[in-house]
Each structure stands twice: as structure tokens, then as C-alpha cells.
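Got your viewer open and a selection box ready? Here is a short walk through side-chain contacts, one stop at a time.

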Amino acid sequence: QKKVKISSVKRAAHMKSKKTPLTKQQQQKQKQKRDQLTSKREQGQNVFSQKARKRDNVFQKKRQNKLASLGVEPQDNGNDEDDDDMALENVADMLDGDDLALLQANRRKRKAKAKDEDSEDVMHSVGLEMEYTTATKKEEAAKKIKVNLLPIKSRDGQIITRTTEVDYVPKPKLKKQEVEEEEEEDDEEEEDIEGESAYEDSDDDVLKDVNAPKASAGPKMLSTTDLLIARQQEIQRQKYRIGVICSGLMEKPEDKMRHFHALYELMDEINPATKQPNLMPVRKLAMISVTEIFKDIVPEYRVGQVDTQMQTLRKATLERVTFENALLQQFKKFLQKLEYLTAQVNKRGGKRTPQTVKMATVAVQCMCDLLVAHPYFNYVQNIAQLLVYMLNCHYPEMRTAINQCFRTVFANDKRLEISLFIVRRINHLIKTKQNNVHVECITCMMALKIKNVNLDAEKENELKQKKLENHRQRLLSLSKKERKRRKKLTEVNRELEETRAEENKQSKHLKLTEIIKMVFTIYFRVLKNDPNSRVLSAILEGLAEFAHVINLDFFADLIDVLNRILEQQEELGYRERLHCIQTIFVILSGQGEVLNIDPIRFYQHFYRNMLVVTAGKNHDDFAIILRTLDEVLVKRRRNMSQQRLMAFVKRLLTGSLHLLHNGTLATLGTIKQTFQLTSVLDALLDTDTTIGSGRYDPELDDPEYCNASSTALYELSLLGRHYHPTVRRMAVHIANGVPASGEGALPTEIGKLTSHDLFTEYDSSQMAFNPTIPIPKAGQPKLKKGRQMYIRPDFKKEYGQLLREAKTSESESRQKLQFDFLSALQ
């Protein structure tokens, strides 16, 4: 192709004629230019219209002035009276004489007529407004609306809906300013409640305490009676308020978590909402109410933390998780408040006033209730840790409440996790305080369920499992028929599965073993490092209670320590001595029989301390002697000589004369059981003193050489005349040689009871006599008239004569009887 050259002029003309598309910037510039042109046009039009309006106004004014100069009334009614007056004055300047008078008269008539017309118009308009308002009021009064009532169910099972018409009550219209204020208050409430739905509730007025009495502006003089009446009224008002709030919480706790804030405000010393101090009964009531609510709505399981933002959950699951998280926050806040109240009396720098002590006591009781009700909920271990710390406080009421709480937890705990945690914390407390703790720290562990524990069961189970595994391997290696081998394999596998199914029990047993080790660590540390501690009595009581589960390796050392305590400590009380003796005999009656230990010295200690318990304040301690007697006279009767056995029975029966009837019955029950187990004691029922050698010495402390065989059980004759019928029957039964039937035999309901049962069932400490005392027969008392007796035989005649003379003198003088018997007789 041939290239053609084009000049620059032609090219420029060609490009100018060619239409090219505009860019965005060019389009915007063009749009701005168009807008500016239109605005200029509008401004020009406005200017022209304003000028035209001014011309019209000037023309109208000129026209009105001209008409006014001619005395013609202008047609425009919108002019003011001032303009009319000015026009008339201008015309009056040009007139004179009669014309001027006529013009002024017309002027007055016109003004009066206009005034009358205006008044008629006003009256007419007011009448129309009144008629309208009365008509609207009548319409509203006659207006009715339909309201749905509760449905009813007929006898046929059909549900019938009901409606009724009630008067329409319009809502009062609020001013614009009041509406804005209400909207601002609603916005503030929505900001305060985080993540909760704001809605109208029937309890809102009670929750916000609308009816609270307002504080007076100035000081007001009140009497003591007025103050007491106002205090009682405030307590009753807050009781009602707490009841309404708690009932609302119990109805639907998922939607009413915000109600807890009102109860927390009542727990504080100063109410944050009203800035007024809360009364102490109200604070206590609020605290107890929150505790009861948590006891009811807290679940039995441990709540896990779920992040709702990171995980997608179903609607029902999301609601449950939201409720659990909110409940956990409120529970934590409540525990923080309780901890603050207890810290006021148990930490340095706290306000130890009678009021704070009372509030701390209630707070401790609330925490005890929560621990007993839900021992495995979140933050319960924190409660247990705080209660262990408070177990060593200076206030007996708190220590007693915590002691009872721990006993209840130990008795009802099946998983043993919380029990192990509490025992570990107690061990840490005693170790930190260097054994300088109160007795309740030790006595609470008496309720631990570690009586029936075999410490060797773990090893036995392991050996059994190993044997079964070896037997299974042997069966697999045998070359027998497949059927027999399979049969034996199934049997062995079943046994193995049974042993493996006890894994739960084994884990529980491991926890129990750990608890036992911890308890005996506490006991042995106190006995070794501080034998003079004030908790020694509780330590010895615990050893006597759990001595049967002590490891055999500790027996010899423990008996040496107890013997040293008995012989070296002269200030040891009778309870400590009895607990030492009981512990030793429990050890020797069980696995300690293999030990080569001579118990004669312990028999002497026990024989010496058998008469320390009487019918006074220490009568309940006779249960310790009963438990020791079971070990000595029943379980170890074959290891005792005849002289020693007779001496114990004789002293036991002698001590029964100083006891209450239930202690006497327990004593006779033990003697009856001993008579049934051995025939050696029959010699004590014989009154012939020539049988034994020597004479019985009741004051000798050695039961082996007191010659008990030379005496008889003379106390049975005294007990045969006891005030209690069962004691009389039991004494006659033993005196007759404990017959199973015939004369002197016991009824079945009494004969089957042990000594401990007799001691408990016939206890009259609760003012209940067993058997019940019969009601006396009703009858009329016989009234006998007595005769008068005198020291002097002639006194009756003398005072009779004196009375007659006085009577005659009174009738004569008509005066009162004034007579001196003593002077007359002399």
C-alpha cells in the first residue's frame, strides 16, 4: 500500500470534527458549570420578583391614602385602627362646622358597630369550642373495648373462650420534655444491664424500691418509741421486698439475674442506691435469702467455661450456656461478699465489733450450707479452703458450725474428692500453726468413713489379677480342642472383666487410703512433737476410733508412746487416759496379737480409771469405758486370768451404783454377755466366803491380787430395788444365773439389745423416760377434818370466856373490838 502524507492543519481539523468520549473529570466540570448557570438564573428571577412586590406595595399605599383623603372607606380590612385615625384626621383638617361633626359621629358609630360584631364572633367561637369538648368527653365515656378473659373447660372437655367489655381509659399524654427524659432514663438502664434483655416487669417497682421513705431535709426530733416503730416498719417493708425479689428469681432465673443486684445492695453496710445504712436484720435476711436461692437453682454438676464467640452453638445450648455463665458470675460475686465479711473479724486490721462478728457468723453459716448442698460446684473448693482457715478462729459459734459442716460433708461424700481436699488443707493448717490449733480441727475428722478399710486389699487385687493373666497365657499355649479352650478362655476373660470393672472402686479406694495416711500423719506428728498439746485428747480419741486401720509397722512404737504418756504425764485427764487405754486394746485385739507385748500394765491403768465416771456431768463419757470393756472382757477374755476377770466384773458392778439408769443397764448388759460367754463367773453368785483364798480388797489397784473370788455380787440385791423397772428385771436375771427361759428370764425385746443399745435407748437426757411412766388414776382427794390440840388443857375455856366478855363490851360501847389476848392471859 502507498503511504499518504497529511499536513498538520488537515489533521487538526479532522481531530476537531471527530467526537471523543469525555472523561469523569470533564463531566464533573460541565455539571458544575450548569449548576452555576441555573443558580444565577434563579437569583435573577428572585431579584425581579422582589422589585415587582415592592412596586405593588407602594401602589397599594398610594391608593389607600387617596381614598382616605376623599373620606371613602378602603376595601382592605387588614389595616389597623391607627391608619384609619390618621386618615380621618387628615380629612378633618379640610372640613369645618356641621360636616366635621357629622364625620365624627359616623366615626363613633362605625367603631361601636365593629366592637359589637367582634364580641359576637368571640362568644360564638367559645360556644362552639365548649360544645366540641363536651361531645368528645361523652364519646370517650361511652367508649368500650373488648378484653379476653381466661378460658374455661366444660365437663365434656371443650375449652370455651370468654371476652368482656370494659371502659376505655386513655393513657395520659406526656409533654415533650417528659418523653425525652423517660427516653434518656431507658437508655441509661440499657447501658447498665450488660447482655440482658430490658423489658417491663411486674416487680420493677419493688426492685427499684419506689416506695422507699425519703430522708427529711432538716434534723427532726424523734423519741425512742418513734425510732423503734420506724425501725420495725422498715424491717417489715424490706422483708416484703426481699420476698418479692426472691419469688421472682425462683420463677424464672434465666431472665431475672439482675434481681441479684438488689439483694447484694441490701447486704452492704451502706446501700449504694439510696446512700442510707442498711439495718442488720435486713442484711442477714438478704444474705440467707441469696444462699437459699443458690441452693435451689445451682446445678449438681460443675459448669464448664464455653466461649460463645469462638464456637457456633444451637439456640437452646446457647441459652443454657449464657444462663450458666451469668449464674457463675453472680455466685462468684456472692462468695466475694461473704469472704469480705469474714475477713473483717479474722484478719489483721479488720473491724472487730459485735456487729461485724454477728455478720461474719451468718456468712460462715451461709458458706457451710452451700458446701453441704453442692460440694462439687465451681468455687466450692475456695469455700472449703476459707472454712478450714476459719476453723481456727477465736469464735466458738463459727468453729462449731464449721465442725458440723465438715462432719456432714465427710459422712455424705461418695466421691471422696472434697473430703481429701479438706483433710489436706487441715494438715497444712496444723503444720503451719505448729500444732497450736483448736480442738475442732481434729474432732471434725472423726466423721470420716474409714472404719471398714483394708489397706492390704490393693496388693491382694494386684496378685489376683497377675494370677488370672498367667492362667490365661497357659490356656492359650495348650494344644487342646478348640471348643474347650474357647470355653475356658471366655470364663477367664469374664473374670478379668469383673476385676477391671472395679476400677471405679479402686480409684475411690486410693483416695480413701490417701485420706487415712494424711489423718495418721496429723496424729503421729502431734504425738511425737507436742505430747502436751491441747488437742491431745482429740488426737487420742481419733486414734481409738481408727486404731484398727493403722499399719502393723507402727504398732510397737505407738504403744510405747501411749504408755509413756500414761506414766509420765501426771496432768493427763481421765478422758485422755481412757482414750489411750482404748487405743492400746483395740490395737492388741486386732492385728497386734502377733506382737510380743505384755498388757498387764494397761489392765492396771484401766482398772484404776473405771470409777472416774459418775452420774454427774461426765456420765456421757461412760461410752468410752463401754467400748474398752468390749475389747477387754469380750474379745480378750481368753487371754485373761480368772482372778482378773472376776475383779473387772466386781468393780464394774460397783461402779454401776453411781451411774444413771441407762449407764447401769449398759453395765448389766456387759456383765450378762460375759456370764453367757464363760462359766468362771458363777462363783461370784455364791455368798459362801470359804471358797476363795484371802479377803477381797476393793481399794487395791491391781486386779490380779485383789482376791475378787472371795466376794460376791452383793450389788445385785441393791439393784433389785432400783427405781427403774428394767434395771430391776436385769438384776434379777443376772442373780438367777442368766437363764434363757423360765423364772428370771428376760423378754426378747430386752435380751437382744447390746450394752451400747441399752445405753442409747434408755437415755433420758431428752426428758423421755423409757418405759413411759403410767398416768395416775383420777380420783377425788379425801378431806378429813382435824381436831384442835392445845398445850394447856384449860386454854380453850379461858379464851372462850375472854371472847364472850369482849363481845358484850363491844355491844355496850358500840366500838371496834380492841382486845389484847396476851395481857388478859397473863
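**Stop one: a pair on helix α9**

Select Glu292, which is partly exposed with a relative accessible area of 34%. Now add Lys295: the two form a salt bridge, with their closest N and O atoms 3.5 Å apart. Both residues sit in helix α9, three residues apart, or about one turn of the helix. Lys295 is partly exposed too, at 26% relative accessibility. Before moving on, keep in mind that you are looking at a predicted model.

**Stop two: from a loop to α10**

Next, pick Asp268 and Lys337. Their side chains meet in a salt bridge, 3.0 Å from N to O. Asp268 belongs to the loop between α8 (259-267) and α9 (280-297), while Lys337 is in helix α10 (residues 315-346), so this contact ties together parts that are 69 residues apart in sequence. Is Lys337 buried or exposed? Lys337 has a relative accessible area of 19%, which makes it buried because the cut-off is under 20%. Asp268, at 24%, counts as partly exposed.

**Stop three: the aromatic rings**

Stay with α8 and α9, but switch to rings; the structure holds 15 aromatic pairs. Show Phe260 and Phe294, a stacked pair at 5.0 Å centre to centre with 10 degrees between the planes. Phe260 is in helix α8 and Phe294 in helix α9, so the pair ties together parts 34 residues apart in sequence. How accessible is Phe260? Its relative accessibility is 0%, so Phe260 counts as buried, and Phe294 is buried with 0% as well. Widen the selection to Tyr264, Phe331, Phe334 and Phe377, and you have one aromatic cluster that also includes Phe260 and Phe294.

**Stop four: Arg415 and its contacts**

Jump to Arg415. What does its charged end sit over? That would be the ring of Tyr376, 3.9 Å from the ring centre. Add Glu417 and Lys511 to the selection: with Arg415, they are linked in a network of salt bridges.

**Stop five: further along the chain**

For another charge over a ring, select Arg651 and Tyr607; the charged end of Arg651 lies over the Tyr607 ring, 4.0 Å from its centre. Then go to Arg792 and Asp794, whose side chains meet in a salt bridge at 3.7 Å, N to O. Both are partly exposed: Arg792 has 39% relative accessibility, and Asp794 has 36%.

If you'd like to keep hunting, a search of the whole structure finds 17 salt bridges.

Methods: Residues numbered from 1 in each chain as written. Predicted model: local features only at pLDDT ≥ 70, side-chain atom pairs only at ≥ 80, totals over all residues. Heavy atoms only, no water. Salt bridge = Lys/Arg side-chain N within 4 Å of Asp/Glu carboxyl O. Helix = DSSP H or I, 4+ residues; strand = E, 2+ residues; numbered from the N terminus. Buried < 20%, exposed > 50% of the residue type's maximum accessible area, 1.4 Å probe, protein only. Phe/Tyr/Trp six-rings, centres within 6.5 Å; stacked < 30°, edge-to-face > 60°. Lys NZ or Arg CZ within 6 Å of the ring centre and 35° of its normal.
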